[in-house]
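Biologist: Please take a close look at a single part of this model, the pairing of strands into one sheet and the packing against that sheet. I should like a connected account with the cut-offs stated.

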Amino acid sequence: MINQASRHYDAIIVGAGFSGIYLLHKLRDAGFNVLLVDAASQPGGIWYWNCYPGARVDSQVPLYEFSIDEVWKSWTWSERFPGWEELRAYFRHVCDTLDLWPMMRMGTRVKSAHFEKEAKRWRLHLDDDVIISTQFLLPALGFASKPYLPDFPGLEDFKGQWFHTARWPQEGIDLADRRVALIGTGASGVQVAQEAAKSAKKLTLYQRTPILALPMRQEKLSKINQEREKQGYSAIFEKRRQTSGGFECQSLEVSALEVDKKERDAHFEYLWQRGGLRFWYHNFADLLSNREANRHAYNFWRDKVRARIADPDLAERLAPADPPHPFGTKRPSLEQGYYEIFAQDNVALIDLRSTPILRVKPHAIETVDGEMECDLIVFATGFDAGRGGLSDMNITGANGLSLSQAWKDGLRAYLGMAVSGFPNMLFSYGPLSPSGFSNGPSSAEVQGDWICDFLVWMRNNEQDLFEADPAAEAGWTEIVAQAGEMTLFPEADSWYMSANIPDNKRQLINFPSLSIYAALCDDVAEKGYHGLAVENISTKETT
Ligand code: NA7
């Protein structure tokens, strides 16, 4: 039985990760009647779904947290790069501290959302058959909410267990003494591999493209040291909004080609020793735009990694003489002893470029070289990034067109937030914004502040309907494409290019700089939110 709309809200947020929680906090404080809905039973976004062994964040403390004073002042991390359990606990702390629970409806999936043209409001059908409505719809699904499962023939007949890393059972899976087949070597694959190698009877890692992984340099954090470091937090939080990646610093202004080898290697070495993603975001100015500069970085990385691998064949597969793609155009991951696991007797690497998978058999994976038995298959094969989760929400706009249909020829969105034909909808952390390229909380706060300011502006100006202007939307989509052309990103078959999903249109799905993005959004706001047509429904005045 369907319960008709029992509640109408000013705004409904979908998603309880960083972007959704931040929006909830901001909009509640701004006086909006707001509800947050999430399919997960606990907040945390990807840290709810990605609870596989070893799952942890690749941004170091204090970058990967909210800049909200009462939250960070009352929270202490135990590790420099926290794991999923601690991240989940952090989200509970955020909701407790900000008293957000009463506005959260967890464990509820939005089955569909459609814009009612007459009533000029969004109606949401929830999976418990409740229907709710809202003036503003704010999907905040993250870029990685729809896992990608390649279509390997025979999987349905597999007699063991199989899981995607992003749909790991909440009760956990013991890897000890299992014969684990792991497909994929992105950030998730590396983390699972490191854990599985410790206890699995056999770990077979199926690699299509070698990951260009960087040393994490994990550290335990003491409360007392952290309290001392907190004196610098406000400055770091301010700074991270002003950098291209949302980190505490960004690329140097100097080209890798302007300095001699000694100086260049000294900087590479400095970044390497400091660890984390710095080799990616604090490198030379042209790391991601000049092939020669990029090659210097790759060669440095390759030689560092090869020095850790005794077997030359293995070294060539994990760190090839020539780069599989320009360094950093696929997301590097962080590793803790990843390259050493391949020397263990219980670990094997299969290179799918020379040895493709033919099919899954009831107890094995068959490649062109024969069968390798396994009783657990782990798919660390990534996501339909950016668009997948939004498409699955079955969003239908004012003209009866679904968002998937609207995007069939490619993604388009004004400022990476608003889509023409979908009035009163803004997504945070969505495609064509800096989301995938930048540190999550930094981007979530920049967009969350902007969205909240805009809705307050609408209220103050007695406007209640907005929609992206198609020309402005096309202009923004072109800006993102052009920004991409200035970089080496188009050279990789990455999820950044939407090239990891067979049928998606190849296009850069993220704006490549958070600081420039924030400045452009601020400019739009200062000029009266141009590019967004606004309307007062009662008086029908349009600006
Ligand atoms: P990623 O980074 O998208 O990695 C997916 C991995 O799966 C990658 O190694 C892919 O190889 C591999 N893959 C994908 N499809 C296949 C098929 N059909 N056969 C074999 N291998 C395949 O996902 P993650 O979950 O690791 O990380 C997602 C993001 O989370 C990450 O970028 C960070 O921002 C955090 P490929 O490279 O395409 O050859």
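Modeller: Two strands are taken to pair if DSSP finds at least two bridges between them, while the strands themselves (E, at least two residues) and the helices (H or I, at least four) are DSSP runs numbered from the N terminus. The model is predicted, so that local features need pLDDT of at least 70 and side-chain atom pairs count only at pLDDT 80 or more, whereas totals for chains, interfaces and linings use all residues. Residues are numbered from 1 along each chain as its sequence is written.

The sheet in question is open and has 7 strands, in the order β3-β2-β1-β6-β5-β4-β17, with mixed pairing. Its edges are formed by β3 (104-106) and β17 (395-396), each of which pairs on one side only. Starting from the β3 edge, strand β2 (residues 34-38) runs parallel to β3 and is joined to it by 3 bridges, and within this pair D38 stands opposite M106 of β3.

Further along the order, the strands β4, β5 and β6 are linked by antiparallel pairing, β4 to β5 and β5 to β6. Strand β4 (residues 110-116) is held to strand β5 (residues 121-126) by 6 bridges, and S112 faces H125 of β5 across this pair. The two strands form a hairpin with 4 residues between them, and in its turn K120 has a positive phi of about 55°. The next pair, β5 with β6, has 4 bridges, with T134 in β6 as the bridge partner of W122. This pair is likewise a hairpin, with 4 residues between the strands, and here D129 takes a positive phi near 70°.

As for what packs on the sheet, α1 lies across β1 (8-14), β2 and β6 (131-139) and runs at about 165° to β2. Such angles run from 0 to 180 degrees between N-to-C directions, and the axes are lines fitted to C-alpha atoms, for helices over the stretch in contact; residues are in contact if their C-beta atoms, placed from the backbone, lie within 7 Å.

Helix α1 (residues 18-29) also meets helix α15 (residues 440-460): their axes come within 9 Å and cross at roughly 35°. The crossing is right-handed, the near helix being turned clockwise from the far one by less than a right angle. On the α1 side the contact is made by F18, S19, Y22, L23, K26 and L27, and on the α15 side by residues including G440, P441, A444, E445, I451 and L455. The residues of this contact divide into 9 nonpolar, 4 polar and 3 charged, where Ala, Val, Leu, Ile, Met, Phe, Trp, Tyr, Cys and Pro count as nonpolar, Asp, Glu, Lys and Arg as charged, and the others, Gly among them, as polar.

To set this part against the record, UniProt (an unreviewed entry) places the feature "domain: FAD/NAD(P)-binding" at residues 9-228, a position given in the numbering used here, under a shortened name, and possibly inferred rather than shown by experiment. Over residues 9-228 the chain is 24% helix and 24% strand, with its end C-alpha atoms 43 Å apart.

Key: Two residues are in contact if their C-beta atoms, placed from the backbone, lie within 7 Å.
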